[in-house]
Amino acid sequence: MRFEERAPSALAALDLPANRTQLTGSQVLASVYRHAGEDSDVPLKWGEQTATSTAGNLLLIAPPGCGKTELLAGRAKGLIPLLRANEKVLALTFTNRARANLCSRLDSEIGTKRRIHYVTVRNLHGHAASVIFNHRRLLDFNLDSMRWPRRTTFKRAIERVAPWSDVRTREEVDQQLCRVKCGPLSDFEVLEALTKLGNGIALAVELERVRSDELHYADLLRHAQRLLLNDDVAAWYQERYGAVLVDEFQDLTSQQLEIALRTCSKSRTFAGDPLQGIYGWAGAAPAAIERDLRDICGEPVRSNISYRSSPAVLAMVNAVSVPMGAEPLSAHKPKSWIQGGVSAALAFETRSLEGKFIALAAESIIATDPSASVGIICRSGWRRQRIDETFACRPEIDCVLWDLAVYEPGIVEMIRAAAKRMAIGITLREAERRVVATIDHIDFESIDLIREVFEMLATFGYQDLNSALARLPVNRDEPVFAGVHLLNAHLGKGQQFDWVFIPGFEEGHLPDERCSAGPELKEEERVLLVMLSRARKGVVITRAKTSGGSRRRLTKSRWWDALAEAALTRSSELPGLLRSAQAPA
Ligand SMILES: Nc1ncnc2c1ncn2[C@@H]1O[C@H](COP(=O)(O)OP(=O)(O)OP(=O)(O)O)[C@@H](O)[C@H]1O
């Protein structure tokens, strides 16, 4: 059945200012073409200078989709012949998915074997953990008796000391602890600082952590920084790493920057985009970091040609980024995109209709092009609830929920590989113990995720491993593959999808109600830019006019009108365009 036959009510509910949108859209499109030139082969300078340059330090600054991560992979290739015997390149990212992303780019550039031989790819917490483990004898605590952090460690700690605290209090405590631990403080100095600040809950959480011999994520960075401030420790790493590459520098804290710099002194490459800085709440300071990096690397190499997105997507991206002070982004080979791509803004009467539309649209895209990836990206988890429920009612659509451990790149594969050596009928508990035993204990994040998978299987009532394994999804190493992906904004950083749907353009959600002024509002704008710019072929933004059974009126997001103006696709054209969802010619 055709898309529009299946969704008459959802389509009828669309509310798009068609004429005005088309007019403004063509103007924007014209400017996108003008900037790129027809099918121009750009930007040689950007690529040549970065991949083959043997300059010690290099700073790459460019907006989303210009190929920064790709260039880091190229740079690794160029640096490998310059390494001395026993030296490696260290590539640092922020998340597991970003690590998987960089690994797959490196694999295409230099092959998996050479990548494993010459390049260590870690996220910053993983690198910190290895520094702590390698130099544990210098620590002022016994690492053997400590537990590595889990994703739930902080949540469990605060539930123990302040079970009555609300979400906002918990976030504030988390942020305060992160800020205090952003320097090379000992445990005693952390307690002293928290006492001075007078936040009783934060102090209680920290005391509970020390009492129960746990490390939190922020402790990993703090202890790694302290160790690396020791010149002998730093020299040990500097002999091993002939080059360091850091992706997304805008999200570094000064502590993380120091860890990267002390780890490698020879060749340092940083890639990023200050306008995509979305971790200010965790202590990242893009402007200060950029200043420091200019001192170290000199003038940045820049580009504003997007290899990722169609002209229609870029029209929306530019509508957000240009008022923020960015140069407009242009599409590389703009003519190669069928009809210039898609960008649309759709308002629905209710959240339920919005969810129904998105599910049908995603289903239609996948039915037409099974190789397409569709990202449904929400600013916040609470606003995704209705969307998740809609997809849960439609088991025929395969969905990847990015918050579940079972969908983290490589995790199910690790379980399956270990399970091959286990007897049929082994209990889940025993299987978990044996799977964990096969993982390098420094890889505490994979161990945490494997434990989460087993916890989830136990909740679903599985008794033995074999029956559970049959129900686990096929898991891949790459972060984004064909199918529907449901995620929140921060998880999507650095990733890309053929199609992106962004629900929830209402005040209170976008921007978040706690971030409606000052630097927090600026950061929300950057979050918006990150979400929009994940799209390759098409981006569709949506909002609901009312909420819940009471039909409370919702106020449209302050960014809605500008984006609806920049949208190039009329609602009546959308079904056909979704059906012709193919990769660019
Ligand atoms: N020189 C190039 N030629 C063709 N395609 C490219 C080139 N450079 C990058 N790409 C492609 O463009 C897309 C975006 O690249 P990449 O993810 O490296 O951009 P980015 O600048 O790191 O983006 P973000 O800031 O959003 O993380 C990828 O699909 C990549 O393969």
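In which strand does Thr 542 lie? I looked this up in a predicted model, and found Thr 542 in strand β14, which covers residues 535–544.

**Entry: Thr 542**

I checked next whether Thr 542 is buried or exposed. Thr 542 is buried, and its relative accessible area is 0%. I then listed its contacts, setting aside neighbours within four places in sequence. Before it in the chain I noted Leu 346, Phe 348, Glu 354 and Ile 358, and also the run Ile 502, Pro 503, Gly 504 and Phe 505. Trp 560 is in contact with Thr 542 as well.

**Entry: the protein overall**

I turned to the totals. The protein has 585 residues, and buried ones make up 58% of them. I counted 26 helices and 16 strands in its secondary structure. The exposed area comes to about 24400 Å², with 52% of it supplied by carbon and sulfur atoms. I also looked at contacts between residues at least 6 apart in sequence: 81% of these join residues at least 24 apart.

**Entry: a six-stranded sheet**

How are the strands ordered in the open sheet? I read the order as β3-β2-β4-β5-β1-β6, six strands with parallel pairing. In general, strands of a sheet pair through backbone hydrogen bonds. At the edges I found β3 (119–123) and β6 (301–302). Each of these two has a single partner strand, so one side of each has no neighbour in the sheet.

I followed β6 to its partner. Strand β1, residues 57–61, runs parallel to β6 and is joined to it by two bridges. Leu 60 stands opposite Val 301 of β6. I also noted helix α16, residues 286–297, which lies across β1, β5 (267–272) and β6. Helix α16 runs at about 140 degrees to β1.

**Entry: cysteines**

How many disulfides are there? I found zero disulfides. Cys 378 is in none, and the nearest cysteine sulfur, which belongs to Cys 399, is 13 Å away. A disulfide needs two cysteine sulfur atoms within 2.5 Å, so this distance rules one out for Cys 378. Cys 378 is buried, with a relative accessible area of 0%.

Cys 515 is in no disulfide either; for this residue the nearest cysteine sulfur is that of Cys 378, 15 Å away. I checked its surroundings too: Cys 515 is buried, at a relative accessible area of 14%. Burial is set at under 20%, so the value for Cys 515 falls within it.

Notes: Residues are numbered from 1 along each chain as its sequence is written. This is a predicted model: local features need pLDDT of at least 70, side-chain atom pairs count only at pLDDT 80 or more; totals for chains, interfaces and linings use all residues. Side-chain values use heavy atoms; hydrogens and water are left out. Buried means under 20% relative accessible area, exposed over 50%, partly exposed in between (1.4 Å probe, protein chains only). Helices (H or I, at least four residues) and strands (E, at least two) are DSSP runs, numbered from the N terminus. Contact means heavy atoms within 4.5 Å. Accessible areas come from the Shrake-Rupley method with a 1.4 Å probe; for residues, only the protein chains shown count as cover. Two strands pair if DSSP finds at least two bridges between them. Axes are lines fitted to C-alpha atoms, for helices over the stretch in contact, and angles run from 0 to 180 degrees between N-to-C directions.
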